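This report describes the fold, two helices and one internal space of a single protein chain. Please keep the sequence and the structure in view while reading.

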Amino acid sequence: MSDASPRSQAPAPPAGMEGSPGLMLRIVKDYRVAFLIVGSANTVIGFAWFALFQATIGQLWGYMATLLFAHVASVLCAFVLYRRFVFRVRGHVWRDLARFESVYLVALGINAILLPLLVEFAHLIPIVAQALIVFVTTLVSFFGHRNFSFRRKPTPSTESPAEPGTGTTPEQASTE
């Protein structure tokens, strides 16, 4: 048993993930808080992409084209932010990006259904409708990225005697 308190130990990545913790995770020590901080910045950046595209191509092709262009720009930006600052996994960049995008495609599907409903039937302007939708898609992305996008199969080095076969250390189990 170690004399070090859990707070003085480096935070472990979420279950099944390998690699050193990202910058946010090293600072705040809880991946949910790190995800929330980076996710907040990502939400602002993604919303800025939506506003930019709405002011430009949205004027020509409509708010659904805006949604698609903003989606591509936002996903690429978010992937770099989460991979660098929160989950900090190694290898499998293309596989991780494909998995990451698949989570965002679910969010995009939800968005593609809700945006026209809020614009056409609730008579909200696209910017306001998108601001409301962000809350729903944020929850979808948190659980999807945590449990799917950056997950790694447990290796013997990530297994803990207390949590065999799960890839979850006792410290991780206590935070989930």
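Leucine 25 is found in helix α1, which covers residues 23-28. Helices here are DSSP runs of H or I with at least four residues, strands are runs of E with at least two, and both are numbered from the N terminus. At 1% relative accessibility, leucine 25 counts as buried, where buried means under 20% relative accessible area, exposed means over 50%, and partly exposed lies in between, using a 1.4 Å probe and protein chains only. Leucine 25 and phenylalanine 87 are 62 residues apart along the chain, and their C-alpha atoms are separated by 7.9 Å.

The model is predicted: local features need pLDDT of at least 70 and side-chain atom pairs count only at pLDDT 80 or more, while totals for chains, interfaces and linings use all residues. Residues are numbered from 1 along each chain as its sequence is written, and side-chain values use heavy atoms, with hydrogens and water left out.

The protein chain has seven helices and zero strands. Of its 176 residues, 40% are buried. A contact means heavy atoms within 4.5 Å. Among contacts with a separation of 6 or more, 65% join residues 24 or more positions apart.

Helices α2 and α6 can be checked for span. The expected span of a helix is 1.5 Å times one less than its number of residues.

| Helix | Residues | Expected span | Span between end C-alpha atoms |
|---|---|---|---|
| α2 | 25 residues | 36 Å | 35 Å |
| α6 | 24 residues | 34 Å | 29 Å |

For α2, the two spans agree. Helix α6 spans only 29 Å, where a straight helix would span 34 Å. Helix α6 also has a kink of about 30° centred on valine 134; the bend at a residue is the angle between axes fitted to the seven residues ending there and the seven starting there.

The buried residues of α6 include Pro126, Ile133, Val134, Phe142 and His145. They pack against α2, α4 and α5. In α2, the buried residues include Tyr31, Phe35, Val38, Asn42 and Gly46. An α-helix has 3.6 residues a turn, so residues three or four places apart point the same way.

Two residues of α6 deserve a separate look. Glutamine 130 lies in α6 and counts as buried because its relative accessibility is 8%. Not counting residues up to four places away in sequence, glutamine 130 touches Phe47, Phe50, Leu67, Asn111 and Leu115. Arginine 146, also in α6, has 16% relative accessibility and therefore counts as buried. Arginine 146 lies 8.5 Å from phenylalanine 87, C-alpha to C-alpha, although the two are 59 residues apart in sequence.

What lies inside? A cavity is a set of points, on a 1 Å grid over the protein atoms alone, where a 1.4 Å probe fits but cannot get out. Points are joined across faces, edges and corners, and a volume is the space filled by probe spheres set on the points. There is one cavity of 30 Å³ or more, and the largest cavity holds about 400 Å³ of space.

The largest cavity is lined by 22 residues, and Gly46, Ser74, Tyr104, Gln130 and Thr137 lie nearest its centre; lining residues have an atom within 4 Å of a point. The elements that give two or more residues to this lining are α2 (31-55), α4 (63-87), α5 (93-121) and α6 (126-149). Helix α4 gives the most, with seven residues. By class, the lining has eleven nonpolar, eleven polar and no charged residues. Ala, Val, Leu, Ile, Met, Phe, Trp, Tyr, Cys and Pro count as nonpolar, Asp, Glu, Lys and Arg as charged, and the others, Gly among them, as polar.

Note on methods. On a 1 Å grid over the protein atoms alone, a cavity is a set of points where a 1.4 Å probe fits but cannot get out, and a pocket is an open set with protein on both sides within 12 Å along at least five of seven lines; lining residues have an atom within 4 Å of a point.
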